[in-house]
Amino acid sequence: MRLLLVRHGQTPTNVDYLLDTAVPGPGLTELGEAQAAALPEALAGEDIEALYVSTLRRTQLTAAPLAAARGLDPLVRDGIREISAGDLEMLPGDTAHGELYMRTAFSWAAGDTALRMPGGENGEEVLGRFDAVIAEAAASGAGTVAMVSHGAVIRTWTAARADNVDIAFAATHRLANTGVVILEGSPSDGFKALSWAGASVAPAGDGGPAGEPLDDAG
């Protein structure tokens, strides 16, 4: 299966650097709408057979132009929503709060899946729900699947599941709005990342969980 993990378009809370992860969440900014409108052309070379979105409104709005262009009905799945910020919800992401959020998420990719986001999910729960949607898509028989999801969960899941993406790479390569990570593989055989936001994937070596200002969650 060829898997396209697409981050949603820009939201007002992205602009304000807030940890905004609750359902249903905000819509898109004017720029976010333009980013969504550009997706069909950006993915013109991809033979997308199935399109998934999360339960957050911003992914559904981002996917709408692509769905219309391809004649696809988006499949809404809670499993690919953003990592819940828990007690950190709506706090500034470009502060120590955002560092804690991402440090916790990348700890899951390093194997500490029992660690819990303050007042939120643990890694086993987050990776498990995302895995379940990936497994559903793989079982469908679709050759190429696009999933419009969220920055932090895409980076965390990819670092945890792609054989050639380590934590250092995921931590230092943020994903801009409507950025795409392309992978190939299957739940049984594993996944390999082919590209990250248009660039080839070259892991920098496992530097451990990262603490960094947050500009791509939600």
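I take contact to mean heavy atoms within 4.5 Å, and with that in hand I began my notes at proline 92. The model is a predicted one, in which local features need pLDDT of at least 70 and side-chain atom pairs count only at pLDDT 80 or more, while totals for chains, interfaces and linings use all residues. Residues are numbered from 1 along each chain as its sequence is written, and side-chain values use heavy atoms, with hydrogens and water left out.

**Entry: proline 92**

I looked up what proline 92 touches, and, leaving aside its neighbours within four places in sequence, I found it in contact with Tyr17, Leu18, Leu19, His97 and Gly98. Proline 92 lies in the loop between strand 3 and helix 4 (96-109), where helices (H or I, at least four residues) and strands (E, at least two) are DSSP runs numbered from the N terminus. For accessibility I use buried for under 20% relative accessible area, exposed for over 50% and partly exposed for in between, with a 1.4 Å probe and protein chains only. Proline 92 has a relative accessible area of 32% and is therefore partly exposed. I also noted that the C-alpha atoms of proline 92 and leucine 43, which are 49 residues apart along the chain, are separated by 32 Å.

**Entry: the sheet**

In what order do the six strands of the open sheet stand? I read the order as 3-2-4-1-5-6, with mixed pairing, counting two strands as paired if DSSP finds at least two bridges between them. Strand 3 (75-76) and strand 6 (190-196) are at the edges with a single partner strand each, so one side of each has no neighbour in the sheet.

From the strand 3 edge, I found strand 3 running parallel to strand 2 (residues 50-53) and joined to it by two bridges, with tyrosine 52 having leucine 75 as its bridge partner in strand 3. Strand 2 in turn pairs with strand 4 in the parallel sense over four bridges, and here alanine 50 has valine 145 of strand 4 as its bridge partner. On to strand 1 (residues 2-7), which pairs with strand 4 in the parallel sense over six bridges, arginine 7 being matched with serine 149 in strand 4.

At the strand 6 edge, strand 5 (residues 180-186) and strand 6 pair in the antiparallel sense over six bridges and form a hairpin with three residues between them. In this pair, isoleucine 182 has serine 195 of strand 6 as its bridge partner.

**Entry: cover over strand 4**

Is strand 4 mostly buried or exposed? I found six of its six residues buried, with Thr144, Ala146 and Val148 covered on one side and Val145, Met147 and Ser149 on the other. Helix 3 (residues 57-70) lies across strand 2, strand 3 and strand 4 (144-149), running at about 160 degrees to strand 2; axes here are lines fitted to C-alpha atoms, for helices over the stretch in contact, and angles run from 0 to 180 degrees between N-to-C directions.

**Entry: helix 5 against helix 6**

I looked next at helix 5 (residues 123-139) and helix 6 (residues 151-161), which pack at an angle of about 85 degrees with their axes 11 Å apart. The two helices are therefore roughly perpendicular to each other, a term that covers 65 to 115 degrees. Val126, Leu127, Phe130, Asp131 and Ile134 of helix 5 meet Val153, Thr156, Trp157, Ala160 and Arg161 of helix 6.

**Entry: salt bridges**

How many salt bridges does a search of the whole structure find? I count eight, each being a side-chain nitrogen of Lys or Arg within 4 Å of a carboxyl oxygen of Asp or Glu.

One of them lies between the two helices just described: aspartate 131 pairs with arginine 161, the closest N and O atoms being 2.7 Å apart. This pair links distant parts of the chain, with aspartate 131 in helix 5 and arginine 161 in helix 6, 30 residues apart. Aspartate 131 is partly exposed at 24% relative accessible area, and arginine 161 is partly exposed at 32%.

Glutamate 184 forms a salt bridge with arginine 2, with 3.5 Å between the closest N and O atoms, and this pair joins strand 5 to strand 1 across 182 residues. I noted a further salt bridge between the side chains of arginine 116 and glutamate 125 (3.3 Å, N to O), and a network of salt bridges that links Asp78, Arg81, Glu121 and Arg129.

Conventions: Parallel < 35°, antiparallel > 145°, perpendicular 65-115°, else oblique.
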